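This report describes strand pairing, charged side-chain pairs and nonpolar packing in a single protein chain. The sequence and the structure are shown first.

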Amino acid sequence: DFAAGGARRDMALAEITVGGSLMLGMYLAAQSGALTGGGSADPGQRVTDRAAGWKPYAVKIGDTYYDGYQRMAPYGQLIGMAADMHEIKQYMTQDEHDRLTQMIGLAIAKNVTNQTFMTGMTNAINVLQDPARYGESYIESLAGSLIPSLIGQYAREHDPLVREIEGSIEAIKGRIPGWREGLRPKIDVFGEQIKSPEKLWYGSPFSVSITSTDKVRTEAMRVGFVAPMAVKKLHIPGTGVPERSLTEIELTPEQRDIFATEAGQLAHLVLESVVNEPGWDETPQLYQRQIYARAFEISRQ
(Lines give C-alpha, C1' and ligand atoms only; values in the text may rest on other atoms or scores of the structure.)
Protein backbone atom coordinates (compact mmCIF):
# COMPACT_ATOMS: atom_id res chain seq x y z
CA ASP A 1 0.00 0.00 0.00
CA PHE A 2 2.89 2.36 0.69
CA ALA A 3 4.37 1.57 -2.71
CA ALA A 4 1.03 2.08 -4.44
CA GLY A 5 0.82 5.68 -3.23
CA GLY A 6 -2.30 7.82 -3.38
CA ALA A 7 -5.36 6.86 -1.37
CA ARG A 8 -3.99 3.41 -0.47
CA ARG A 9 -0.89 4.96 1.05
CA ASP A 10 -2.98 7.49 2.97
CA MET A 11 -5.19 4.71 4.36
CA ALA A 12 -2.14 2.69 5.45
CA LEU A 13 -0.67 5.72 7.21
CA ALA A 14 -3.99 6.38 8.92
CA GLU A 15 -4.28 2.79 10.15
CA ILE A 16 -0.73 2.81 11.53
CA THR A 17 -1.26 6.16 13.23
CA VAL A 18 -4.61 5.27 14.81
CA GLY A 19 -3.55 1.74 15.76
CA GLY A 20 -0.24 2.93 17.18
CA SER A 21 -1.94 5.67 19.18
CA LEU A 22 -4.47 3.25 20.66
CA MET A 23 -1.76 0.76 21.59
CA LEU A 24 0.33 3.51 23.16
CA GLY A 25 -2.65 4.71 25.19
CA MET A 26 -3.38 1.21 26.45
CA TYR A 27 0.30 0.60 27.18
CA LEU A 28 0.42 3.78 29.28
CA ALA A 29 -2.75 2.66 31.07
CA ALA A 30 -1.03 -0.63 31.93
CA GLN A 31 2.04 1.30 33.06
CA SER A 32 -0.11 3.38 35.43
CA GLY A 33 -1.74 0.25 36.89
CA ALA A 34 -5.17 0.79 35.31
CA LEU A 35 -4.83 -2.39 33.20
CA THR A 36 -3.43 -5.78 34.16
CA GLY A 37 -2.05 -8.49 31.90
CA GLY A 38 -1.38 -12.13 32.64
CA GLY A 39 0.78 -11.31 35.67
CA SER A 40 4.07 -12.71 36.86
CA ALA A 41 5.70 -15.63 35.08
CA ASP A 42 6.09 -17.27 38.51
CA PRO A 43 2.89 -19.12 39.55
CA GLY A 44 3.80 -18.63 43.22
CA GLN A 45 3.85 -14.88 42.70
CA ARG A 46 0.43 -15.00 41.01
CA VAL A 47 -0.95 -16.93 44.00
CA THR A 48 0.29 -14.15 46.30
CA ASP A 49 -1.12 -11.42 44.07
CA ARG A 50 -4.53 -13.09 43.83
CA ALA A 51 -4.68 -13.35 47.63
CA ALA A 52 -4.37 -9.55 47.73
CA GLY A 53 -7.30 -9.11 45.32
CA TRP A 54 -5.35 -8.76 42.07
CA LYS A 55 -6.93 -10.15 38.90
CA PRO A 56 -5.33 -11.00 35.54
CA TYR A 57 -6.54 -9.25 32.38
CA ALA A 58 -8.67 -6.75 34.27
CA VAL A 59 -9.38 -3.03 34.37
CA LYS A 60 -8.56 -1.44 37.73
CA ILE A 61 -10.63 1.55 38.84
CA GLY A 62 -9.73 2.76 42.30
CA ASP A 63 -9.41 -0.37 44.46
CA THR A 64 -11.63 -2.53 42.24
CA TYR A 65 -10.61 -4.93 39.46
CA TYR A 66 -13.13 -5.54 36.65
CA ASP A 67 -12.20 -8.85 35.07
CA GLY A 68 -13.23 -9.98 31.58
CA TYR A 69 -12.10 -7.38 29.04
CA GLN A 70 -10.57 -10.14 26.89
CA ARG A 71 -14.08 -11.28 26.00
CA MET A 72 -14.64 -7.96 24.19
CA ALA A 73 -13.24 -9.26 20.89
CA PRO A 74 -11.41 -7.95 18.96
CA TYR A 75 -10.61 -4.97 21.20
CA GLY A 76 -9.96 -7.11 24.26
CA GLN A 77 -7.13 -8.86 22.46
CA LEU A 78 -5.46 -5.53 21.67
CA ILE A 79 -5.84 -4.37 25.28
CA GLY A 80 -4.32 -7.63 26.54
CA MET A 81 -1.43 -7.30 24.10
CA ALA A 82 -0.60 -3.84 25.43
CA ALA A 83 -0.81 -4.97 29.07
CA ASP A 84 1.33 -8.04 28.40
CA MET A 85 3.91 -5.94 26.55
CA HIS A 86 4.30 -3.82 29.67
CA GLU A 87 4.52 -6.81 32.03
CA ILE A 88 6.86 -8.84 29.84
CA LYS A 89 9.25 -5.91 29.67
CA GLN A 90 9.61 -5.93 33.46
CA TYR A 91 11.09 -9.44 33.39
CA MET A 92 13.64 -8.75 30.65
CA THR A 93 17.24 -7.66 30.83
CA GLN A 94 18.38 -4.48 29.11
CA ASP A 95 19.50 -6.48 26.06
CA GLU A 96 16.11 -8.15 25.86
CA HIS A 97 14.38 -4.78 26.13
CA ASP A 98 15.88 -3.92 22.77
CA ARG A 99 14.25 -6.90 21.11
CA LEU A 100 10.91 -5.18 20.64
CA THR A 101 9.83 -7.51 17.86
CA GLN A 102 10.29 -10.55 20.08
CA MET A 103 8.48 -8.87 22.96
CA ILE A 104 5.49 -7.99 20.78
CA GLY A 105 5.46 -11.51 19.37
CA LEU A 106 5.29 -12.99 22.88
CA ALA A 107 2.42 -10.69 23.78
CA ILE A 108 0.50 -11.60 20.63
CA ALA A 109 1.04 -15.32 21.16
CA LYS A 110 -0.01 -15.08 24.80
CA ASN A 111 -3.26 -13.30 23.95
CA VAL A 112 -4.19 -15.31 20.87
CA THR A 113 -3.91 -18.57 22.81
CA ASN A 114 -6.09 -17.08 25.57
CA GLN A 115 -9.00 -16.53 23.17
CA THR A 116 -11.88 -18.97 23.67
CA PHE A 117 -11.76 -20.34 20.14
CA MET A 118 -8.05 -21.16 20.51
CA THR A 119 -8.22 -22.75 23.97
CA GLY A 120 -8.94 -26.28 22.74
CA MET A 121 -6.11 -26.25 20.23
CA THR A 122 -3.64 -24.77 22.73
CA ASN A 123 -4.53 -27.35 25.39
CA ALA A 124 -4.22 -30.22 22.92
CA ILE A 125 -0.76 -29.05 21.83
CA ASN A 126 0.32 -28.74 25.48
CA VAL A 127 -0.78 -32.31 26.16
CA LEU A 128 1.15 -33.62 23.16
CA GLN A 129 4.30 -31.77 24.24
CA ASP A 130 4.12 -32.58 27.97
CA PRO A 131 1.43 -35.19 28.78
CA ALA A 132 2.66 -35.69 32.36
CA ARG A 133 2.10 -32.02 33.18
CA TYR A 134 -1.03 -31.17 31.17
CA GLY A 135 -2.74 -34.52 30.62
CA GLU A 136 -4.83 -34.63 33.81
CA SER A 137 -6.15 -31.07 33.51
CA TYR A 138 -6.99 -31.66 29.83
CA ILE A 139 -9.08 -34.73 30.68
CA GLU A 140 -10.83 -32.75 33.42
CA SER A 141 -11.74 -29.98 30.98
CA LEU A 142 -13.13 -32.52 28.50
CA ALA A 143 -15.17 -34.21 31.23
CA GLY A 144 -16.55 -30.87 32.42
CA SER A 145 -17.62 -29.97 28.89
CA LEU A 146 -20.14 -32.83 28.97
CA ILE A 147 -22.37 -30.59 31.11
CA PRO A 148 -24.03 -27.72 29.18
CA SER A 149 -22.44 -24.31 29.78
CA LEU A 150 -25.65 -22.74 31.09
CA ILE A 151 -25.95 -25.36 33.83
CA GLY A 152 -22.26 -24.97 34.72
CA GLN A 153 -22.61 -21.19 34.85
CA TYR A 154 -25.69 -21.45 37.08
CA ALA A 155 -23.81 -23.78 39.44
CA ARG A 156 -20.83 -21.42 39.70
CA GLU A 157 -22.86 -18.26 40.20
CA HIS A 158 -24.92 -19.80 43.00
CA ASP A 159 -21.89 -21.14 44.86
CA PRO A 160 -20.26 -18.65 47.27
CA LEU A 161 -16.90 -20.48 47.14
CA VAL A 162 -14.33 -21.52 44.55
CA ARG A 163 -13.95 -25.32 44.54
CA GLU A 164 -11.04 -27.71 44.12
CA ILE A 165 -11.36 -29.91 41.04
CA GLU A 166 -9.37 -33.17 41.03
CA GLY A 167 -10.15 -35.71 38.34
CA SER A 168 -12.83 -36.01 35.68
CA ILE A 169 -15.60 -36.99 38.13
CA GLU A 170 -15.14 -33.83 40.18
CA ALA A 171 -14.93 -31.79 36.96
CA ILE A 172 -18.45 -33.00 36.12
CA LYS A 173 -19.74 -32.47 39.69
CA GLY A 174 -18.34 -28.93 39.64
CA ARG A 175 -20.80 -28.02 36.88
CA ILE A 176 -23.92 -29.49 38.50
CA PRO A 177 -25.89 -27.46 41.12
CA GLY A 178 -26.10 -29.30 44.42
CA TRP A 179 -23.18 -31.59 43.65
CA ARG A 180 -20.75 -28.71 43.27
CA GLU A 181 -21.23 -27.67 46.91
CA GLY A 182 -19.97 -31.09 48.01
CA LEU A 183 -16.50 -30.44 46.57
CA ARG A 184 -13.68 -29.15 48.75
CA PRO A 185 -13.31 -25.33 48.87
CA LYS A 186 -10.08 -23.93 47.43
CA ILE A 187 -7.72 -22.55 50.11
CA ASP A 188 -5.54 -19.49 49.52
CA VAL A 189 -1.94 -19.05 50.66
CA PHE A 190 -3.06 -17.58 54.00
CA GLY A 191 -5.36 -20.49 54.85
CA GLU A 192 -8.68 -18.85 53.98
CA GLN A 193 -11.38 -20.23 51.70
CA ILE A 194 -11.48 -18.40 48.36
CA LYS A 195 -14.82 -16.74 47.67
CA SER A 196 -16.39 -16.78 44.23
CA PRO A 197 -15.93 -13.46 42.41
CA GLU A 198 -18.93 -11.15 42.26
CA LYS A 199 -20.53 -10.44 38.88
CA LEU A 200 -21.52 -7.02 37.56
CA TRP A 201 -24.95 -8.51 36.94
CA TYR A 202 -26.44 -11.99 36.82
CA GLY A 203 -24.96 -13.91 33.93
CA SER A 204 -22.40 -11.18 33.27
CA PRO A 205 -19.03 -12.24 31.80
CA PHE A 206 -17.39 -9.52 33.91
CA SER A 207 -16.42 -10.25 37.51
CA VAL A 208 -15.44 -7.78 40.21
CA SER A 209 -12.67 -8.06 42.78
CA ILE A 210 -11.83 -5.45 45.43
CA THR A 211 -8.23 -4.99 46.58
CA SER A 212 -7.77 -6.46 50.05
CA THR A 213 -7.52 -4.11 53.02
CA ASP A 214 -5.45 -6.72 54.89
CA LYS A 215 -1.91 -5.33 55.15
CA VAL A 216 -0.38 -8.82 55.36
CA ARG A 217 -1.82 -9.61 51.92
CA THR A 218 -1.11 -6.28 50.25
CA GLU A 219 2.46 -6.18 51.58
CA ALA A 220 3.08 -9.71 50.32
CA MET A 221 2.13 -8.51 46.84
CA ARG A 222 4.15 -5.28 47.12
CA VAL A 223 7.39 -6.93 48.22
CA GLY A 224 7.09 -9.66 45.57
CA PHE A 225 6.74 -12.60 47.94
CA VAL A 226 6.50 -15.90 46.06
CA ALA A 227 4.01 -18.24 47.74
CA PRO A 228 5.48 -21.70 48.48
CA MET A 229 4.17 -24.73 46.65
CA ALA A 230 1.30 -26.65 48.22
CA VAL A 231 2.48 -29.46 50.49
CA LYS A 232 1.48 -32.89 49.20
CA LYS A 233 3.92 -35.04 51.22
CA LEU A 234 5.36 -34.92 54.72
CA HIS A 235 8.57 -36.41 56.06
CA ILE A 236 8.21 -37.82 59.56
CA PRO A 237 10.72 -39.71 61.76
CA GLY A 238 10.90 -43.32 60.66
CA THR A 239 11.32 -46.53 62.62
CA GLY A 240 14.13 -48.00 60.55
CA VAL A 241 17.91 -47.78 60.76
CA PRO A 242 19.46 -45.33 61.26
CA GLU A 243 17.27 -43.86 63.98
CA ARG A 244 17.04 -40.49 62.27
CA SER A 245 15.68 -41.90 59.02
CA LEU A 246 12.58 -40.20 57.62
CA THR A 247 9.44 -41.77 56.22
CA GLU A 248 7.64 -40.01 53.37
CA ILE A 249 3.89 -39.83 53.88
CA GLU A 250 1.59 -38.71 51.06
CA LEU A 251 -1.28 -36.58 52.31
CA THR A 252 -4.87 -37.13 51.28
CA PRO A 253 -6.68 -34.16 49.70
CA GLU A 254 -8.51 -33.54 52.97
CA GLN A 255 -5.24 -33.62 54.93
CA ARG A 256 -3.68 -31.18 52.45
CA ASP A 257 -6.54 -28.78 53.08
CA ILE A 258 -6.06 -29.02 56.86
CA PHE A 259 -2.32 -28.44 56.48
CA ALA A 260 -2.81 -25.45 54.14
CA THR A 261 -5.44 -23.92 56.44
CA GLU A 262 -3.48 -24.32 59.69
CA ALA A 263 -0.08 -23.33 58.26
CA GLY A 264 -1.44 -20.40 56.25
CA GLN A 265 -3.42 -18.94 59.15
CA LEU A 266 -0.46 -19.35 61.51
CA ALA A 267 1.84 -17.55 59.05
CA HIS A 268 -0.72 -14.75 58.75
CA LEU A 269 -0.91 -14.45 62.54
CA VAL A 270 2.88 -14.16 62.80
CA LEU A 271 3.15 -11.65 59.95
CA GLU A 272 0.26 -9.52 61.18
CA SER A 273 2.23 -8.39 64.21
CA VAL A 274 5.37 -7.83 62.12
CA VAL A 275 3.98 -5.72 59.26
CA ASN A 276 2.19 -3.42 61.70
CA GLU A 277 5.32 -2.61 63.67
CA PRO A 278 6.53 1.03 63.40
CA GLY A 279 9.80 0.13 61.67
CA TRP A 280 8.32 -2.20 59.01
CA ASP A 281 7.97 0.45 56.29
CA GLU A 282 11.65 1.45 56.67
CA THR A 283 12.87 -2.15 56.37
CA PRO A 284 14.58 -2.92 53.01
CA GLN A 285 12.29 -4.81 50.65
CA LEU A 286 14.70 -7.74 50.38
CA TYR A 287 14.54 -8.28 54.14
CA GLN A 288 10.76 -7.92 54.11
CA ARG A 289 10.52 -10.67 51.51
CA GLN A 290 12.83 -12.88 53.57
CA ILE A 291 10.66 -12.31 56.66
CA TYR A 292 7.61 -13.56 54.73
CA ALA A 293 9.51 -16.63 53.56
CA ARG A 294 10.75 -17.37 57.09
CA ALA A 295 7.24 -16.98 58.57
CA PHE A 296 5.86 -19.58 56.17
CA GLU A 297 8.79 -21.90 56.78
CA ILE A 298 8.26 -21.77 60.54
CA SER A 299 4.47 -22.13 60.30
CA ARG A 300 4.83 -25.22 58.10
CA GLN A 301 7.29 -26.79 60.49
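How many bridges join β2 to strand β4, and do the two run parallel or antiparallel? The model considered here is a predicted one. In it, β2 and β4 (residues 207-210) run antiparallel and are joined by four bridges. Within this pairing, tyrosine 65 has serine 209 of β4 as its bridge partner.

**Strands and the β1-β2 hairpin**

Strand β2 (residues 64-67) also pairs with strand β1 (residues 58-61); these two strands run antiparallel and are joined by four bridges. Here valine 59 is matched with tyrosine 66 of β2 as its bridge partner. Two residues lie between the strands of this hairpin, and glycine 62 adopts a positive phi near 65°.

A positive phi also occurs at tyrosine 57, with a value of about 50°, although this residue is not a glycine. Tyrosine 57 belongs to the loop between α2 (43-51) and β1. With a relative accessible area of 9%, tyrosine 57 is buried.

**Charged pairs**

Side chains of opposite charge can pair when their charged atoms come close. Across the whole structure, a search finds 13 salt bridges. The table lists three of them.

| Salt bridge | N to O distance |
|---|---|
| Arginine 163 with aspartate 159 | 2.8 Å |
| Arginine 184 with aspartate 257 | 2.7 Å |
| Arginine 217 with aspartate 214 | 3.5 Å |

Are the partners in the salt bridge of arginine 163 and aspartate 159 buried or exposed? Arginine 163 has a relative accessible area of 10%, so it falls under the 20% limit and is buried. Aspartate 159, with a relative accessible area of 2%, is buried as well.

The salt bridge between aspartate 257 and arginine 184 has its N and O atoms 2.7 Å apart. Aspartate 257 sits in helix α11 (residues 253-275), whereas arginine 184 sits in the loop between α9 (167-173) and β3 (198-199); the pair therefore ties together parts that are 73 residues apart in sequence. Aspartate 257 counts as buried at 16% relative accessibility, and arginine 184 is buried with a relative accessible area of 15%. Both residues belong to one network, in which salt bridges that share partners join Glu166, Arg184, Arg256 and Asp257.

In the salt bridge with aspartate 214, arginine 217 is buried, and its relative accessible area is 10%.

**Nonpolar cores**

Which residues have the most contacts inside the largest nonpolar core? This core has 16 residues, and those with the most contacts inside it are Val189, Phe190, Val216, Phe225, Leu271, Tyr292 and Phe296. Two or more residues come from each of the elements α10 (215-223), α11 and α12 (285-300). Helix α11 gives the most to this core, with four residues. Helix α11 thus appears in two settings, because it also holds aspartate 257 of the salt bridge with arginine 184.

The surroundings of valine 189 can be given in detail. Leaving aside residues up to four places away in sequence, valine 189 touches Val47, Ala51, Ala227, Pro228, Gly264 and Phe296. A second, separate core has eight residues, including Leu35, Tyr69, Ile79 and Ala82.

How values were computed: Residues numbered from 1 in each chain as written. Predicted model: local features only at pLDDT ≥ 70, side-chain atom pairs only at ≥ 80, totals over all residues. Heavy atoms only, no water. Pairing = 2+ DSSP bridges. Buried < 20%, exposed > 50% of the residue type's maximum accessible area, 1.4 Å probe, protein only. Salt bridge = Lys/Arg side-chain N within 4 Å of Asp/Glu carboxyl O. Core = buried A, V, L, I, M, F, W, Y, C linked by side-chain atoms within 4.5 Å. Contact = heavy atoms within 4.5 Å.
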